[in-house]
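The exercises below are meant to be worked with the sequence and the coordinates side by side. Each task is followed by a solution that goes step by step.

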Amino acid sequence: MNYYTAPMEGLTDRIWRQAHQRWFGAPGAPARYYAPFISPPENRVLIKKKMAELDPAANPGAPVIPQLLAKDGSLAAWMIGELRKMGYTEVNLNFGCPSGTVTAKGKGAGMLRDLSKLEAFLDEVFSQAEGPISVKTRLGVTSPEEFEAILDLYDRYPICELTIHPRVMRQLYRGEADRAAFANYLPHCRMPVCYNGDITTPAQLKALEAEFPNLSGIMVGRGIIADPALLRQVVTVHFADEGTSPLISRDIGRIFGQDIAHQLVDGVIAFFLECVVHLLHDFMDLDVLLIVDGENGSCVAHEIHPLK
């Protein structure tokens with residue numbers, strides 16, 4: 001089973017991705033990191049600052065998949081071409097973002113309001129762009145039953161992978177993901193399917209994998225932000241307590257043994273500290289010397305001073 005990290009605006013940027021790989025890479029590294037969405041500029045002039053986030057030189061390691069937020073199919077196809085020139089193969093289309101500022105513009109999950117416009121968009125993208133194109137989607141706008149017609153439309157196109165977040169747009173992130181609706185529609189998907197939504201513990205992830213063994217992947221979002229060791233725990237530790245995340249449990253030493261517990265705690269501290277160091281450097285013009293203890297992996301900040 002492939003594990004992916006979800007695109008989360010303001011969270012899973014290149015700083016987070018690089019720090020996560022450094023401190024929580026193999027074993028348990030995600031097969032792919034999906035980058036937060038970018039919108040293609042209407043004048044078709046790329047903004048260097050925004051594109052720097054996707055510079056391959058700044059994103060070594062596990063594959064990064066760029067995500068597009070757009071409602072103009074021709075413009076999206078052009079942007080896919082620009083991303084191909086940068087060396088990216090797969091590009092993901094965002095039909096899942098439920099934010100009001102996004103959907104009010106007819107983008108993200110707002111694309112699901114009018115299937116004729118969605119069809120025209122997909123026609124333009126798949127007729128003009130080359131290479132693998134994946135989709136991240138919600139079940140609909142107000143009701144899961146809307147997904148029957150939406151899926152019928154998706155099935156007409158060579159989507160390389162369909163990531164389904166089984167909520168509707170109006171829910172935002174409230175309530176529970178509709179696992180029953182997901183199970184109902186899964187047999188009708190003609191493309192590989194990835195699940196996303198409400199995976200916050202290793203036990204939940206393993207249970208989902210057991211329930212749907214034919215998924216192409218599982219995408220985790222808020223769960224891995226709260227617990228950056230989530231995937232490592234699934235790979236390296238058999239954990240059966242569904243209600244508890246061992247990383248934040250008071251019984252971490254009892255569950256894992258003291259050696260592993262110390263490694264996880266040190267890794268979490270170092271991971272977040274490295275993110276803070278980059279933020280201080282990039283946004284506050286402060287230079288921070290990061291010191292890592294080679295014996296136990298613990299990490300401290302030292303010599304914080306303004307950049308000259």
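## Overall burial and make-up

Of the 308 residues of the protein, 50% count as buried. The model is a predicted one, and its secondary structure consists of 12 helices and 11 strands. Among contacts between residues at least 6 apart in sequence, 71% join residues at least 24 apart.

## Exercise 1: the nonpolar cores

Task: Find which residues have the most contacts inside the largest nonpolar core, and state which helix gives the most to this core.

Solution. Begin with the largest nonpolar core, which has 65 residues, and in which L93, F95, L122 and Y154 are the residues with the most contacts. Next, ask for the contribution by helix: α3, spanning residues 73-85, gives the most to this core, with 7 residues. A second core, separate from this one, is made of 7 residues, among them M8, Y34, I65 and C194. Finally, take L122 as a worked case: leaving aside its neighbours within four places in sequence, L122 is in contact with L93, F95, L153, Y154 and Y157.

## Exercise 2: two helix pairs

Task: Describe how α5 packs with α6 and how α3 packs with α5, giving for each pair the angle, the orientation, the handedness and the residues in contact.

Solution. Two packed helices are described by the angle between their axes and by the distance between those axes.

1. For helix α5 (residues 115-128) and helix α6 (residues 147-154), the angle is about 20° and the axes are 11 Å apart. Angles under 35 degrees count as roughly parallel, and α5 and α6 are therefore roughly parallel to each other. Their crossing is right-handed. On the α5 side the contact is made by L115, L118, E119 and L122, and on the α6 side by A149, I150, L153 and Y154.

2. For α3 and α5, the angle is about 30°, with the axes 8 Å apart. By the cut-off of 35 degrees, α3 is roughly parallel to α5. The crossing of α3 with α5 is right-handed. Here G73, S74, A76, A77 and I80 in α3 meet F121, E124, V125 and Q128 in α5.

## Exercise 3: a mostly covered helix

Task: Determine how many of the residues of helix α1 are buried, and list them.

Solution. Helix α1 covers residues 14-24, and 8 of its 11 residues are buried, so that the helix is described as mostly covered. The buried residues are I15, W16, R17, A19, H20, Q21, W23 and F24.

## Exercise 4: buried or partly exposed

Task: Classify I164, Q233 and E53 as buried or partly exposed, and describe the surroundings of each residue.

Solution. The reasoning needs one cut-off, namely that a residue is buried when its relative accessible area is under 20%.

1. I164 lies in strand β7 (residues 162-168), and with a relative accessible area of 2% I164 is buried. Not counting residues up to four places away in sequence, I164 touches T137, L139, F147, F182, C189, V193, C194, Y195 and N196. One of these partners, F182, is 18 residues from I164 along the chain, and the C-alpha atoms of the two are separated by 7.8 Å.

2. Q233 belongs to helix α10 (residues 230-236) and is buried, its relative accessible area being 1%. The side chain of Q233 is joined to that of D227 by a polar contact of 3.2 Å.

3. E53 sits in the loop between α2 (48-52) and β3 (64-65), and at 23% relative accessibility E53 counts as partly exposed. Residues up to four places away in sequence left aside, E53 touches D13, R14, R17 and N59. R17, one of these partners, is among the buried residues of α1. From C-alpha to C-alpha, E53 and A35 are 8.8 Å apart, at a sequence separation of 18 residues.

## Exercise 5: positive phi in loops

Task: Locate R44 and D198, and give the phi value and the exposure of each.

Solution. R44 is placed in the loop between β2 (32-34) and α2, and its phi is near 60°, a positive value in a residue other than glycine. At 39% relative accessibility, R44 counts as partly exposed. D198 is found in the loop between β8 (193-196) and α8 (202-211), and the phi of D198 is near 60°, again a positive value in a residue other than glycine. With a relative accessible area of 26%, D198 is partly exposed.

Key: Residues are numbered from 1 along each chain as its sequence is written. This is a predicted model: local features need pLDDT of at least 70, side-chain atom pairs count only at pLDDT 80 or more; totals for chains, interfaces and linings use all residues. Side-chain values use heavy atoms; hydrogens and water are left out. Helices (H or I, at least four residues) and strands (E, at least two) are DSSP runs, numbered from the N terminus. Buried means under 20% relative accessible area, exposed over 50%, partly exposed in between (1.4 Å probe, protein chains only). Contact means heavy atoms within 4.5 Å. A polar contact is a pair of N or O atoms within 3.5 Å; within protein, one must be able to donate a hydrogen and the other to accept it, and residues adjacent in sequence count only if both atoms are side-chain atoms. A nonpolar core is a set of buried Ala, Val, Leu, Ile, Met, Phe, Trp, Tyr and Cys residues joined through side-chain atoms within 4.5 Å. Axes are lines fitted to C-alpha atoms, for helices over the stretch in contact, and angles run from 0 to 180 degrees between N-to-C directions. Angles under 35 degrees count as roughly parallel, over 145 as roughly antiparallel, 65 to 115 as roughly perpendicular and the rest as oblique. A crossing is left-handed if the near helix is turned anticlockwise from the far one by less than a right angle, and right-handed if clockwise.
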